[in-house]
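I open this notebook to record what I looked up, entry by entry. The overall build of one chain comes before the details of single helices.

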Amino acid sequence: MADAAARKATQDSLQDVVARYPEVPRLIIVKTDVQRRGVFYTDKALEVLDETLHQVTGTHIFGARDGQLEARPESLLLRDGTSIITTPTPLEDNPYLVDLIDGKLWLVDAGEPVEEVEYWPAPDFYALTSSSGIPMKNIASARPQRLNIFPYRYCTFWNNGNGCTFCDIVCQLKKGKEELQIPARLNPAEVGEVVGEALREPGRFSAVFLTSGSITSGKEPFDDEVDYYIEILGEVGKHFREKKYPSQMIGTAFTKRQLERLYNETGLMSYTADIEVLNEDLFNRHCPGKAEWIGYREWKRRLVEAVDIFGPGRVNTGIVAGIELARPYGFRTEDEALERVLAEAEDLASQGVGTVFIVWSPRPGTPLGDQKNASLDYYIRLAKGLHELRVKYRLPIGFDDYRHCGNHPDSDLSRLLPY
Amino acid sequence: MSTLNAEILHLLEDPTTTKVVATTDEFGIPYAITSTFLQASAAGELVHLELLEKSATNRNLLRSLWFDKKVSVSLLATDGRSFVIQGKPVRALISGPVFRGHYEKVRALLDADLAAVWLIEPEEVVNETFVQRKAEEEERFPFSVHLDRLTVERCNSASR
């Protein structure tokens, strides 16, 4: 019975899900479904892509579903200001089309226009090169309101084959290095130079964001990663009047000593350590490097400890929603997955740690690359569930919302909250 | 979308016009604020500059956009002319050249931020200028008038 229900949910159309959840904005359901299924840009849509006006793909540390690296639209904006962060997807996987209709870009499904979209605007600094001659867009990148820095494009969990099963960071690093000449490790002074240039553009950025692969080395594990972040953030911080500035870092789950250093020695205001999947057994299977070096329970404990340093509503964790259902070890039904994931998220929320999700995009070159993600119904229930936990425990999500990230349908729902 | 006529466009451009944006919350409770920067776009939309991300108005505008609810905009000129415009928020700009242009104008005038540029499509324009509405009302609803207003003029007589 449960399997039959799960199959039905998988087959639900966008319209079915919109009708089933009238309390969830249609735009957020559309966004989630586009993230779930990906997009295919028609030739007409690509003809209006202008690299002087729009952001094109290039610097992201994760790859596209079709495995290609050529310049295409980085992502899309909906008319409520929400981003759809998605990647080009082969037509045989049934993505939404992005097409040009009467001079405007539209998401199209089964021949029907679904919603108007826009390409992300390019920031001014994308046209510039750094003092060492590197295109600045290869050092920092942008979301509609966020300045991204990916200082280290390798993850040392891969050294002994323990990279996460859904992750293509190393594959993408090789492509980026060979095809785009993106440095694998950024020079902190050069990052500072690019950030300084980016901040000249009025109204363009409301947060600085930093993430990279894990670096296990150091006097204590991950000390080198922390040192590197501190060095980068130090260069960024030179451009601000106050010590603290709106910023987020997604890093490894650091120790209290390491977190205190990050908080006290830099301008960092929020902290994220992605646990990826909220179940100990599945964490061990899908994140063997994180399991080997830290472990599921210790990861959670460190997240909770981070709240003492950064404050409630300034610490969260991210999950790659859908991998908890991946075969052969995943939960058997979406109902079971939802119940178990939300119970773990509530355990964290009750201790001041928020949870956000991204829709899992199975990518080529990863062990799970040939699997399907979950149903739209599942993702909407998960978004509602995580949002409701945020309400129940009064956890703000301002540092990881639609303006500062745009990749989390659950935090989109929290836009209506007064905190 | 209703077209804003020249008179309304003029009122929107006039800095002495009082401009009010009224929205409703999830319970239907109204919330009205003055919108100092309210203006018309080249495409004929009303443009409300929302300076605060978590303001009740910003959240109500988003709710209206998400759930297809109307908002109301009122204009009151110093000479008494008044219009109410009902419409729907159709777009929130948070990035791009239009957003930047408004951001720079706000920053030139105030030490403030800009959360979103809201585009509101007008659907209906009602002339609420009192002298005009009064004439219409008295014409259409003659039984609503208090009789003492209709009596012949008399000199004040001695008290009874």
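Entry 1, burial. I note at the outset that this is a predicted model. I looked up how much of chain A is covered and found that 54% of its 419 residues count as buried.

Entry 2, overall form. I compared the radius of gyration of chain A, 20 Å, with the value near 22 Å for a compact globule of 419 residues; the two agree. Along the principal axes, the C-alpha atoms of chain A fill a box of roughly 55 × 50 × 45 Å. I counted 14 helices and 13 strands in chain A. I then turned to contacts in chain A between residues at least 6 apart in sequence, and 73% of these join residues at least 24 apart.

Entry 3, a helix pair in chain A. I examined how helix H6 (residues 188-198) of chain A packs with helix H7 (residues 223-237) of chain A: the angle is about 35 degrees and the axes are 8 Å apart. The crossing of H6(A) with H7(A) is right-handed. On the H6(A) side I listed A:Pro188, A:Ala189, A:Val191, A:Gly192 and A:Val195, which meet A:Glu231, A:Ile232, A:Glu235 and A:Val236 of H7(A). Sorted by class, this contact holds six nonpolar, one polar and two charged residues.

Entry 4, a helix in chain B. I checked the span of helix H2 (residues 56-67) of chain B: its twelve residues reach 16 Å from first C-alpha to last, close to the 16 Å expected. I found H2(B) mostly covered, with nine of its twelve residues buried. Among them are B:Arg59, B:Leu62 and B:Trp66. Just after H2(B), I noted a positive phi of about 60 degrees at B:Asp68.

How values were computed: Residues are numbered from 1 along each chain as its sequence is written. Chains are lettered from A and ligands numbered from 1 in the order in which they are written. This is a predicted model: local features need pLDDT of at least 70, side-chain atom pairs count only at pLDDT 80 or more; totals for chains, interfaces and linings use all residues. Axes are lines fitted to C-alpha atoms, for helices over the stretch in contact, and angles run from 0 to 180 degrees between N-to-C directions. Helices (H or I, at least four residues) and strands (E, at least two) are DSSP runs, numbered from the N terminus. A crossing is left-handed if the near helix is turned anticlockwise from the far one by less than a right angle, and right-handed if clockwise. Two residues are in contact if their C-beta atoms, placed from the backbone, lie within 7 Å. Ala, Val, Leu, Ile, Met, Phe, Trp, Tyr, Cys and Pro count as nonpolar, Asp, Glu, Lys and Arg as charged, and the others, Gly among them, as polar. The radius of gyration is taken over C-alpha atoms; the globule rule is 2.2 Å times the number of residues to the power 0.38. A residue is buried if 20 or more other C-beta atoms lie within 10 Å of its own, exposed if 12 or fewer, and partly exposed in between; C-beta atoms are placed from the backbone. The expected span of a helix is 1.5 Å times one less than its number of residues.
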